[in-house]
Structure formats: structure tokens, C-alpha cells
Amino acid sequence: MSEPCNRPGPVQERGRIRRDVPRFVIGCEEDEQDMGQMEAGMKNEMLHQDDMEVYENESPSERQIVVGICAMVKKSKSKPMTEILERLCKFDYIDVVIFPEEVILEEPVEKWPLCDCLISFHSKGFPLDKAVEYAKLRNPMLINDLNMQYFIQDRREVYRILQEEGIDLPRYGVLNRDPDNPEECNLVEGEDHVEVNGEVFPKPFVEKPVCAEDHNVYIYYPTSAGGGSQRLFRKIGSRSSVYSPESNVRKTGSYIYEEFMPTDGTDVKVYTVGPDYAHAEARKSPALDGKVERDSEGKEIRFPVMLTAMEKLVARKVCLAFKQTVCGFDLLRANGHSYVCDVNGFSFVKNSMKYYDDCAKVLGNMVMRELAPQLHIPWSIPMEAEDIPIVPTTSGTMMELRCVIAIIRHGDRTPKQKMKMEVRHPLFFELFKKYGGYKTGKLKLKKPKQLQEVLDIARLLLVELGQHNDCEIEEKKSKLEQLKTVLEMESSLNVNQYGHFSGINRKVQLTYLRNGQPKASSEEEDCKKDGPSLLLVLKWGGELTPAGRVQAEELGRAFRCMYPGGQARNRRSPGCESPVDFGDFAGFPGCGLLRLHSTYRHDLKIYASDEGRVQMTAAAFAKGLLALEGELTPILVQMVKSANMNGLLDSDSLTDCQQKVKARLHEIMQKDQEFIQDDFQKLAPTGSPSLVNSMKVIENPVKTCDKVYALIQSLTSQIRKRLEDPKSADLQLYHSETLELMLQRWSKLERDFRMKNGRYDISKIPDIYDCIKYDSQHNASVGLEDTLELFRLSRALADIVIPQEYGINKAEKLDIAQAYCVPLMKKIYLDLQRTHEEEAVNKLHPLYSRGVMSPGRHVRTRLYFTSESHVHSLLSMFRYGGLLDEVKDQQWKQAMDYLSAVTELNYMTQIVIMLYEDNNKDPSSEERFHVELHFSPGVKGCEDEENVPLGFGFRPASSENEDKKPNQGSLEDLSQDQTDDALPVTELINLQRRSPMIRNRKTGSMEVLSETSPNHSSKGCTSHRLFQSCSRQSPEIKPAGGLVPSSSLSSFHRLPLLFLMAA
């Protein structure tokens, strides 16, 4: 028997025993050099009976709890086990000893190392009988019960226990065969079914050996599907199953036959760490095609999934029924239900730093809670911030956070491009009919097959136009050529380019016009024709960029700060690290959300419109919010719900009011004269400072458009010269765009902006601003001249056109807003109402919630990702819908003044609603519930630094902060800013400006906040850091035109707008 490496024996020092023991010790291998006689004696003393004397002579402050790991070396030295044990050793009073495999196999249990707590589990070759004998001899605390592990090895016993616990299983039957007489059994086999003990199982059905160690599971298919069977086995390389033409069941051995559950090709693996924690991952079902999906490092691709309330209860039941603290089991999700189909016993999650952190923390606290009192170790149960979802509000009042609702715009994207044309050819009407366009009068085509049909029609019509110049094809040739060019664009692109041909990146919309176009659009100046027509709108581009993904993911991380434990105020000092200090997201503010989420008390749902950039933004945000790992696609599939039904987050058509507003806006902006007072009244009746300032910059709209048009011409000319320059042949633009594609973008804008009659198409201004902003941020390396001036002028025009398209006066703004977001407003109202209703969603059962201080409480989070139109509309509803009176409420006026000063709702703009509850107040009291509105206009470039309005920031006020940090720095001076100690130094964090704020009084139920002057430094001043944005700057992108590169776009400003809501 070998001694644990590097572990000296007890040493006598001044009459008492001192142990100098490292935290993590393992047994040495047999082939190590033989020790001397003295070391051998020390070894025997440490590992046998004398060890008990050592323990008895130690003072309480020196006594260590020894956690023994008794398992086969392949398991005890695996990466997950090593990661978790390293974290477990960070507990001040815990040592870990790994039993050497040769000791487990060859030595009697009397010679096994001593331990206070035993982690032991069965695997191939493990002597479970000896482990049971050891547990009886030493009586350690058992993390996983050993006797129950016998049952886990028999699938019949597993199913019996599951059934007794009331856990849903697939319908099954057990066929027990006598090995000596295998033919004598209750099995009747038909062509497309088997009958087991009188119960019929039609194909497809599953055949499982009763021995859980036998992984040769077969699935039999019906003849109508081709027959045969899929044979599953333990993974070998990249295979986990193979197809076999054999359709007959096995004739020897005992099996469980069960109904096949259609799971859409995924299995869910659940990993518990005690009854109150579970981690779930989905993987491609081995029954699908047998090919194991692996990442670039050769690891099987799995992705985290959310467990429903019922699934969380199942996880708890499985953990308790089998008495396995650390336990893995398999879930099948089918037909709206979840079924347990296997229990694996001791299992760890692979390759998840967050899980390693959580697992070590849960196990360590469990061991300390059980053994510290027995061994007189001075340890108290830590009060976790996340155990009680109570946080300070922005005014400093401590209340319980109940609900977080956020409406968020998508991240940075490639320029959107659009082309409209009126079509009348019968082929377009046939296509419209084929896909059910007449049902609603509108049709959206996104699938590649559908877009191919549109392309075929365009090609056919162009051929006919070429053969017959006087044919009756009314579609304009130039428009058809553009339609064809855009839909064929993928042939010149690789899969990484923004124009890649797919339903996500481009779409065709067809709208039925009973009497044709009522008025010639800015693009269609032909004479109006009689009869019905279709308005074809082709949209392409607009894909989320890598920078947009970073923005969304980092904002998701920062978003955790609003949840319990989000400020990481109680971090230990260096030298007193806890297990949470490990891992990719360890120590980052917001670990409280991750614990809240993993302990079943976070009810999260994520919705997104059907636009690809919006859905990928939602997935990236979820990845950052929940510390998920891997690619976005599986996260999108599993966690983001499409909200394109009932207009919740999508709206494709303009209302009559919006069309009239656009026409009036077009008329005002066509005047070739400087704005006069009457124009300010017409264009900015609300007196918004952002609008007024932009009008002052523009002065004469037509002259400004002339300048913009000339700058675009200069830009296209410069790009053409670059194309002719051999040095530019290999010039690579951002996101794999080429100079040819860049020229196409700008040439189209040059053609479309100035119409044949010399007037300007005002509707193209947002597109011009979109393109110049994109190129200024991403393509500075091209070195084009006058981009800053084009950016300045187009932004001034866009700051008028974009917000005013959603209504010029208050009545119009409300009218258009209602058309866009009434379904969303109703949903938000229901989200808030249901939070304080009695419901069983994502709550623990109070009677079975040991270690969770508020098992009956939960935080509901609803995230809605959408485009700019819904954000504009929702803000209009809040501002002009009569929520509060600006005249009577000073704080609300201050908030509205801030909104009026915001010029642009940029990428990642957020509206956040937070609902708090004070359980000490009467349920009927107005003070019972507290609602906060938070707003951020999203990312900004450094060009915005001087002009952007400054909000209060998010960080909650508290008297504690006031005392400790009376003045963290002024609004204007960042030189004194220190890195937040809650943020890891390895992250490139852009810490934004801080806004001092003083809490001066209460008026009724309103928390009144007032912003102080930048130099205010009174004792009552509390600093509020603006919402952080983590960013990683791409080395290949250089700033130009005064803008930061988009990968460094940062500064998520946040302003609290407070009001209370009665119960």
C-alpha cells in the first residue's frame, strides 16, 4: 500500500501534534522509488489507526475535514473531477485524499485511507462490495449512497423506483428470460410489433438490455419506413450507432421494451448536485444518424437547456429517490411532456467552468454544514446574496426583486438594403396565390426555395424583355435586373460574407394592392396603371456582425448586475478565495443570477422577432447572461422563442397614419429654403431638443441633401479608383466584404437618392446614414476622404427623419405606436400581473428545500428582442400615453427631458422594467409594489461623447455606498476612475462616466432623485456608474472619422425612470 504523495506525517512540536498537510493529495503509483524505513513508518501511522489519535489531539482550529475519493483512477483523475476537487480544496477546512486504485483493488478495507466524507461510485471494474464494507467500518458521510448503486445497475429496478416516485416514463414492458430456457418467455413477435406479457408495442419501439452496463440498445422501425433497426452503443470515435437491415428482435437475454418517443433529434442530460441544483444539456440524439457531433477540439457538442418547473421537480425526485447527491439522468422531451428513460448515477458535466464552480460550492457547503458542528470546527453557513432575491432599488430602499422585463434592440449589423417595385405579371400573382398570400393580402418569402422561384421569374421576364422590346411586361427592366443581381449575389460570395444567400439574410415581401399604387412612390415614377398589382419589396443585408455578437454577449453579462448578488459586494480578500473565484465568469458581478437560475428560482423566457439579426442577438445575449458556452445556433434553437405570431415583435406594413406622416415629412424636407419658425412648429411640435438641434445643423434641407449627394458621388468615385489600383486587389473589408460589394451599396444609394425630377427621396436618408456609420466604424482602413462630413450631415438628417416617421405630433405618435406595440404592451402587463399571483412556475416546494432560504420565491425575467420600430413605438407609449404628468411630477419631467435629448436609438437600446415587492407592507398598500423604468440608448461612438445626454446610471443607491464612497469622480473627469474590483482584470472593460446623484426627499410614494452638478461633493452624494459594456477591440480595425471601431462601441447609458404600481 502506498502513501499519499507529499503528505508528511504528524510532527511533535512542544507537546502537541501539528499537521502540515496540503489541500489536495493523491496516492503514488506502484512503480515509484521505494521509501526509507522511516517514511514507511510515517505512512503506516498516517493511514491507519494512529490517524485517529492525530484527529483527537488537534485543536478545533486545526482540525481538517478529509474528503475521500474512492473510484477507479480513470474517474478520479478525470478532468471534471480534477477541476471540482481543486475548487473544493479552496475551502479553508477541507482536505481531499484520492484512494489509489491499487489500494482499492488489492488492499483490505481496513488499510484504506481514513476520511470524514466519502465520494465513491461504481464504474467498470470497481469493487462496490468493498466500498460498502468500508462505509460500514468507518461510517463516513456519504455523498452518494452505495447500496442504491446496486439498483442503478439494473434497468428494471431503476424503472420500478421511478414509477414508485410518480415520475413519467415511456410506456414499457419487461421481458425476463431464463438463461437456460431462453425460448420460454412471454414474447410474441409480429411484422410491425411485439407483444410483451400481453402488452403490444408497435414499431418503432426500443429494446434495452436489463443490465445498465450494457449499452447495446436497439430501435426497430416499421416496414412503412423501410424497416430495419438502429443499433446504439457506447461512443466509439465519431459513431454512437449504426443502421442494420435486421428487423427481428434479439432472442437471448432479458430486455425492457418501450415505446419510442419522438424528440426532434435531441436528448437532454440532467446533472444534479443535491436536490436543489441541476444543470441540463442537450445533445444530438444517437438514434438520429449515429454520428457524434464534435467541436474543433474533438469534444461532443452539447448545449445548455432550460428545465421546466416539472422537470426541476423530477430532478429533485430522482436525486432523493436514488440517494445520489451527484446524479445524472436522461430526459426525453416529446409531445409536450418529459420522460425519464435512464438514471446513470454519479455523473459530471464536461467542459463547463460555471458547473465546476457551482458543484464545488454546493458540495463544500454540504460537507461543512454536516460535519463542521460534529468536529467543532468554527464554520457558519454562509449567507449567500442569491439565496434571498432582495436588492436595493435605485433609491436605496431594500425590496425583493420579482420581475425583470426588457425590450432590447438588436446589435450592430451590416447595412440593410431595400428595393421596391410594383409588379403585375401573372407569374407573380401565381406565386402569391401558391403560398397563401390572398388570405391576409401579404406574403413574406424567406426560404431559399421560395427566393429561387422569385429569381426564376425575374430571369424569365428579362429574357422576354430582351427578345420582345414591345412586349406587355410592365415591370421596369432596371428593377428586374437589380432583383436578379441581388438574388444571384451568393455565387460571388463565400459563406462568411454578409450577403450569403439564405432566408435569414434576405427576403421578398409581396403586398396585394387592389387598385394598384395609390400614389407613385419615390422609386416608381411611371404613370399609374389600372387594376390590381403587387408591391414587391426586396430586402437584403442587415446581418448581425461579429461586433454585434460581442455587444449582445457582453451586455448579457453586464445585465446580471441588476439581479441579487450582482454587485459582488462581499468578495473575499486575496488569500481567502472561495471556489467561485475559479472559472471564466468567476468573480464577475452577477454570479448571483447564475446561482438563482441554477437553483430553479429564475423563470426566464426569451422572445425574438423573426429577423435573423434579432434572433442571433437574443442568442448572444442569453449566452452572456447565463454564462453559456459554445456556438449561438444551438442556444438559439433551444432558448429563443420566435414571437412573430400575433404581431408581438414583428410588423411589416405601414399604417395609414404612418403613410400620411411620411408624405408630410417628405413635403417639409423638400423645401429649398432655410427652416423658419413655422417649420420648427410643423416638424418638431413637441419641442424635442434633439430635433431642434438637428434642424439648426441642417438649416436648408435641400442644400444639405445636395451636399450629401455630392459626397456620395465623391465616395463612389474614390471606391472605383481603389478598384483600379492593383494595390487594392487583395484589400479585405470588414466581415469579408469586398470593394465591389461596397461599391454596389453606394452606387445604389447614389441612383436612388436623387430622382429623375431632381428631387430627393427622403426615405433613403436612413439608409445613407446606416452605410456611412457602418463604413466609418468598420472600414476605416480603406482611407476614404470626407467620410466624417458625410457622417455628420446624414446623421443630422436621420435624427429628424427616423424618429418623425413614427409620428410628428403626439396624437400621431400614439396612433402609430398603438399599431406597432399594443400586443407587446398587453404581454408586458400580463408579465407584471402574473408575477405576484399564486403560481407554481419555477418555484421549489418549501417542505423539501433544505439550504434554500426563500424556496417559494422566484424572479421572473422576460426578454423581448426586436427592431428599432418597436422601441420607438414603446417609448412613445410611455412618453405620451399619460403614465405620469410632467407638470405635476418633477422626476418624470426630468426623465422625459432626458429622452427628448437622445438623438438616436442605437444598437442594443434597452427599455427595462423592474418590479419589486416589499413583503412587510400590506398587500393593498401602494407601497407594496415598486416599479422602475430604465432606459439606455445603446452603444455610442466617441464622436457622441460631447453631445450625448448623461443619465443617472444604474447602480443602486444605498446609505452604505454613500458612507464609503462620497465622491467617486465627476461627470467630466475620468482620470480618477479606478477599475471596479468586481471585474476580472483580464477583461477589457470600458468603464464609463459616473454620474453623482443625491437623494433629497420623498413626495408621497414617489422616490424623487435629483442630479447634482459635476463638482458636487457633499456627503449625501452617491456615485452611479453608467452601465458597463465589455468590449474587445479587433486589432485589424483602425478608428477613422472620429468614431471608435465598432468592436469597441460601448457606453450603455442607463437612466432610471421611477414610478410605483399598486398591487
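These legends describe close-up views of a predicted model.

**View 1. A patch of positive charge on the surface includes K350.**
K74, K75, K124, R234 and K350 gather in this patch. K350 sits in the loop that runs between β21 (337-345) and α10 (353-371). Its relative accessibility is 53%, so K350 counts as exposed, the cut-off for exposed being over 50%.

**View 2. E164 and R160 form a salt bridge in helix α8.**
The two side chains meet at 2.9 Å, N to O. Both residues belong to α8 (residues 155-164) and are 4 residues apart, about one turn of the helix. An α-helix has 3.6 residues a turn, so residues three or four places apart point the same way. E164 is exposed, with a relative accessible area of 56%, whereas R160 is partly exposed at 32%.

**View 3. E199 and R171 are joined by a salt bridge.**
The closest N and O atoms of E199 and R171 are 3.0 Å apart. This pair links distant parts of the chain, 28 residues apart: E199 is in strand β11, and R171 is in the loop between α8 and β8 (172-175). E199 is partly exposed, with a relative accessible area of 30%. R171 is also partly exposed, with a relative accessible area of 30%.

**View 4. R409 and E868 meet in a salt bridge.**
The N to O distance between the two side chains is 3.6 Å. R409 lies in strand β23 (residues 398-409) and E868 in helix α26 (residues 868-880), so the salt bridge ties together parts that are 459 residues apart in sequence. R409 is buried, with a relative accessible area of 4%. E868 has a relative accessibility of 17% and counts as buried, because buried means under 20%.

**View 5. Salt bridges link D456, R459, K484 and E488 in a network.**
The structure as a whole holds 38 salt bridges.

**View 6. K203 and P204 are joined by a cis peptide bond.**
Omega for this bond is about 0 degrees. P204 is found in the loop between strands β11 (199-202) and β12 (205-209).

**View 7. K323 has a positive phi although it is not a glycine.**
The phi of K323 is about 55 degrees. The residue lies in the loop between α9 (309-321) and β20 (326-334). With 49% relative accessibility, K323 counts as partly exposed; the exposed class would need over 50%.

**View 8. D786 has a positive phi and follows helix α23 in a loop.**
D786 is not a glycine, yet its phi is about 65 degrees. Its loop lies between α23 and α24 (787-804). D786 is partly exposed, with a relative accessible area of 44%.

**View 9. Helix α23 is mostly covered.**
Of the 14 residues in α23, 14 are buried. The helix covers residues 765-778, and at 1.5 Å a residue it should span 20 Å. Its end C-alpha atoms are 20 Å apart, which agrees with that expected span.

**View 10. A619 is a buried residue of helix α16.**
Helix α16 covers residues 612-625 and contains A619. A619 has 0% relative accessibility and so counts as buried. The C-alpha atoms of A619 and L632 are separated by 5.8 Å, and these residues are 13 residues apart along the chain.

Definitions and conventions:
Residues numbered from 1 in each chain as written. Predicted model: local features only at pLDDT ≥ 70, side-chain atom pairs only at ≥ 80, totals over all residues. Heavy atoms only, no water. Patch = residues over 30% accessible without salt bridge, like charges linked within 9 Å, V, L, I, M, F, W, Y side chains within 5 Å. Areas by Shrake-Rupley, 256 points an atom, 1.4 Å probe, with all protein chains shown as cover. Salt bridge = Lys/Arg side-chain N within 4 Å of Asp/Glu carboxyl O. Lys, Arg positive; Asp, Glu negative; His and termini not counted. Charge placed at Lys NZ, Arg CZ, Asp CG, Glu CD. Helix = DSSP H or I, 4+ residues; strand = E, 2+ residues; numbered from the N terminus. Buried < 20%, exposed > 50% of the residue type's maximum accessible area, 1.4 Å probe, protein only. Expected span 1.5 Å × (residues − 1).
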